[in-house]
Every structure is written in structure tokens, then in C-alpha cells.
Amino acid sequence: MTKEAQKPVVKVAVIGLGRAGHFHLQSITDLPQAVKLTWVIDVDKEKAQRIAAERGCNWSDQLDEALKGPDAVDAVVIASATDTHFPYIMQALRADKAVLAEKPISHELHEVEEAVELAKTKNLAFVCGYQRRADRHFRELKRQLDAGAIGNLKLLKTCSRDNPIPPMEYLRTSGGIFHDMLIHDFDMLDFLSGGQVPESVTATGHSYHPEIEAMGDVDICAVMFKYASGLIAMVDTSRDASYGYDQRIEAFGESGMLTAKNELTSTIELATADGHLMPPAMYSFPQRYHQAYKSELTEFIELVQAGRDSELHRLEQKAMLRHPNVVRTTIAAEMSWKQGNTMEIAKVDSLLTRTPDGAVATKVDDMQRPEKLRRLDIVEEMLSKYEKHCMQTVAFVKEQHERWLKFDKGELSVFEALQILSDLGDRRGLQAAERCRGQGAPDWLQLVALIHDLGKVMALPQLAGKDLLDEWAVLGDSFPVGCAPDMVGLPDSKKNLDHSHPLYGTKNGIYQSGCGISNLMMSWGKDEYIYHMLKFNKCTLPAEALNTIRLQSFSLWHEKGAYSQFEATEDAETLKWVKELNQMCRSDRTGDDQPAGFGQADWMVELLKKYNMDGKLKW
């Protein structure tokens, strides 16, 4: 009898060294015969260096080094900030590495589809960390359900109540209760129902915490799904539960019921004349899902070891196809809550392919998607106006000024910043600049067209570091803060705390009529950032150029005539150039005939030098 071949040791990089990252580090420690921790990666260099010294491995603040060279890894475990999951997933998959990523893959459906398609095309192991699927109690419930213990399934109920309430800093970048918490339950419904996709969803919620309400989110929510088979599923969730971490499932069928109850801190029950005293539930998710996290990582390593021709690999390739459906369901549930009505799941895609102004967004061919990453453009087109108008307050804008206007994030030349966006598939600035030049526009407008979107680099973790913002604070339309909203074309934004303020909630707020549009405090985003960055670096663009950059996304003013009470005589000139710039850029949104690459034309070099923007700039 031949001795069974020893399974290869899998070299792993863990990116993101927060709570989830530490769970995976501990699981890796428990598997010394199967896993070698080769790299730890975090934007906090001191943390990465310290943990690398403790664990005896390499460290970096970038993923690139772990993907190549003699210490290149076989697999990447992604536990970084939510908004960085998708770019890290794509980077690892493109480097031919297996990936285990914490949820979510992305909040954007098209990005989830891109990631799954790339993993499928390259035949790579790609697992999203819905750890509840690896929980021993839920797996036993699933086993009995599949064995017919309760007959035909009629009703599914899940309960998911957190403890303690997460830090507000985390919640601000979590993606909201639907994408952060409820998506786990929606994945469990997929797991337990055998992959059934619901037909419709109705969701309602409320916020008992003012800080969460100010984020445009809720802290308690109930969701109901209806399926073609007749199945009904219900989920209730809360950001906090005073009695401990509450995770329960109930499955009701034609011949019985299956229930998965909470794990308790012990099995001891005290019975006295006063009654029965039970021990409390587990404190929080690290205690409740300790076994699940370990099983999840163990099974991922076994999947990588089994190889791409194994039955395990074929099963996972099939299982990962569920991810777009789970995210689509999550988006539909969030839409139902925001709109206050029942949402049909089948309509989600048609809604998401429309921009806020009603134009149909161009879809990238499925086979080309992995090679045509247009993340920032599409996020901007789909950005929720509701969320942005709820979150942008005077206090928030001042906080971002304090964080970002020190310009201590690093140094980049204009061409380096343009190359970063070009690598992401965003070349609209180059095309708009060429159009301006072809039509004989002033040279400063040509340059403005070239650089008008460079503020998007704020959304990239390699620049933002610990100050990384959610997309709503970078992209989308801009508007003034410190006064009541002009409701022309706006969604209801009553949840914005400033709108009940005795001064900020008045029509003129902190301003005087006729003060000038350029003197308003604008919401924080890419335009405000690039405007201040150019002034800080002492560029010599004329005032009308800087104002055009700053007000380019203030469409409520330049397209709808809102906030006209603040206009001054000089604003007419600015308005003319803002409309001119937007006209030059508008046709670029479809992505048609974009330049295939980025190059430094002589005229660009000359204009940058003329307006004191050549060389390195502080960002």
C-alpha cells in the first residue's frame, strides 16, 4: 500500500489586521501543518510591523509584494476595511491567487459579478466569508432539513441581534445595516432554502440611536421575503441586544419544525422556588462563532490543497455563483426600506442600470468586465442622493477639512494621479481635455478638463489610509451645507441633523442673500478637495478655473437654478464655464471611444508648467 501523498503547505497573506484579521491569524496558528503565514498587510505600518515580528513573517502596507517574488503566497485572506475588499479581491485574483474575503465582496452588484466572473474564468478558489455556513448548529439544522425531517419547507425565520453596539467609527464605513448585518441572514436563507431566489421583499426599520439616524441608517429592521415555491422567509435584526449575542433560526414545514437556539455561556441551569435561572447567551460574535471561523479557514485551506481539478473545487465554483443573487437581494431589501414599498427582486438590475438623471448606463460586456474596471465612474452614476443629503452636515464638512486639508497624505505629480485613475479604467479627463482642445477652448479650461476628476483618488486606500471615506463622501453631486436644502430635484433629506438646527435649518442659514455662490460652504467631496489642493500647492490657474472645478458637480444650481438667492453678479461667468465643462464631460460617461491608454502629451506638460502644476504636489 502506497503512503498517502503529503498535502502541500499553503502560503498565506492576511490583509487587514483588525478584529476579523485576528480571528484568521489565530486559525492559521492552529493549523501549522497546513498553513504558513507568509505576509501580514495593513495600512497601519506600525501595526503590520509589530504583528509580523510576533508571527515571524513578512509585512507591508501594500498587497503587491506578497503576490510576486520568492515569498509570493498561494492564497490571500482579505479582512481589511469594507470599501477595500473589491480592489484587493481583483488584485489577488488577477495574480492567480486563491482568495478568502470577508463579506461583502462589494456593495455594488456589478463589482460582485466582476469578481465571480474573474474567479470562474481563471478557475480559482474564491470564498466569501459568510461564517454562519460553517457553524455546527446551523449545519446540523441544514442536514436535517435536507433529509426531510419536517417535510416541505413553508416558513423560515432568522433572528440576528448584535451585542454590544459596534463603534460609530465602524458603522460610518460599514455600508449600513443591510450590507453589514442583514446580508449574513440573506445568505443563510439561500443556504437553508437550497438556493431559492425570492420574488419580492418588504422591509421596514427604525433608528433609536441619533448617531445612527444621522448616518441615514436604522438600528432595528424587519424584512419579509416571498418565493415562487410559496415559501415565506422573515428576518429581524438589531444593532444591540442587552441580554447578549442573539442568533436563532426556525424552519417550519408541513410535518414539523426545526429550531437552532442561542449558544449559552454554560449548560448550568439554577432551579429554586423563584423559578429557573438560565445562563446568558454568548457575549458577542467572536465568542459565538469561534468554531465557525476556524472551520471556515480550515475548509478554505483544504480547498486550495485539493487543487483545481478536485470535486471540492467544482462544488465551490458552483457555490460562488450565489453571490450576485445575495447582493441583489440585499440591494432590493434596502430599496424597499428607503422607498417604503414592496420591491420585486427581478426589477433591481433595471433600476441599477439607470443613472440618477434617468440616463441608461452602458453595460460592459461580461467577458470584458474583469479587464475594464470602471468602479469609480459607475459608483458615481449610481450614488444615492438620499444618503449623501442625510450625511453631509456643517460639522462633518469641518471635520473633513481638518483631516484632509493638511495635505499630509503623500506627494504625487498630476501625471501620477492621472495614471492611477487610468489604471482603474477612468480616462474621462483625458478625453474631455482633448475635446476642449479640439474646440479651441481657453488653455486653462483644457487643463481643468484634464484634472477635474483627480479628487477621486480620495477613495483609494493607498492615499487615504486611516482617513478612508465611504463613496458618498467622495463622489456624487455637491450642495451647500449650513442652510435649508432647496428641494428642487432632491429626495427627502429630513434625517439630516442640520435641517432641524435653529440656524442651519433656515432658508439662508449662515449666509446672506447675494453673498456669491463661490462663498458657500460646499458638501465634502472630490471637487472640494481638489479645489483646496490646487490652492495649497500655489497653482496659478485663474479664479474662474478654480471655481469651475469646485462647482462642477453643483448640478442643483447650474442645471436646475436652485439656491439662486445666493447668486452674485460674478457668478454668471462661473456658471458659463461650469456648463461648458459639463458639456465637454457629459458624453464621456458612456465610456465610448475612450483612449486605450494614458500618455503625456507635450501640450499637457506645457500647460502644467505654465500654471505651476509641474512636479510633485502635496495631497
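This is a short chat about a predicted model, its sheet, one helix and a cavity.

Reader: Before we start, what are the ground rules for this predicted model?
Author: Local features need pLDDT of at least 70 and side-chain atom pairs 80 or more, while totals for chains, interfaces and linings use all residues. Numbering runs from 1 along each chain as its sequence is written, and side-chain values use heavy atoms, with hydrogens and water left out.

Reader: OK, in what order do the strands of the open sheet come?
Author: The order is β3-β2-β1-β4-β5-β6, with parallel pairing. Strands here are DSSP E runs of at least two residues and helices H or I runs of at least four, numbered from the N terminus; two strands pair if DSSP finds at least two bridges between them.

Reader: And which are the edge strands?
Author: β3 (58-60) and β6 (126-129), each pairing on one side only.

Reader: How many bridges join β1 to β4?
Author: There are 4, between residues 10-15 and residues 75-78. Isoleucine 15 stands opposite isoleucine 78 in β4.

Reader: Switching to α12: is it mostly covered or mostly open?
Author: Mostly covered, as 14 of its 17 residues are buried (under 20% relative accessible area, 1.4 Å probe, protein chains only).

Reader: What comes just after α12?
Author: Glycine 340, with a positive phi of about 70°.

Reader: Last one, what classes of residue line the second largest cavity?
Author: The lining has 6 nonpolar, 2 polar and 4 charged residues. Nonpolar covers Ala, Val, Leu, Ile, Met, Phe, Trp, Tyr, Cys and Pro, charged covers Asp, Glu, Lys and Arg, and the others, Gly among them, are polar. A cavity is a set of points on a 1 Å grid over the protein atoms alone where a 1.4 Å probe fits but cannot get out, and lining residues have an atom within 4 Å of a point.

Terms used
Buried means under 20% relative accessible area, exposed over 50%, partly exposed in between (1.4 Å probe, protein chains only).
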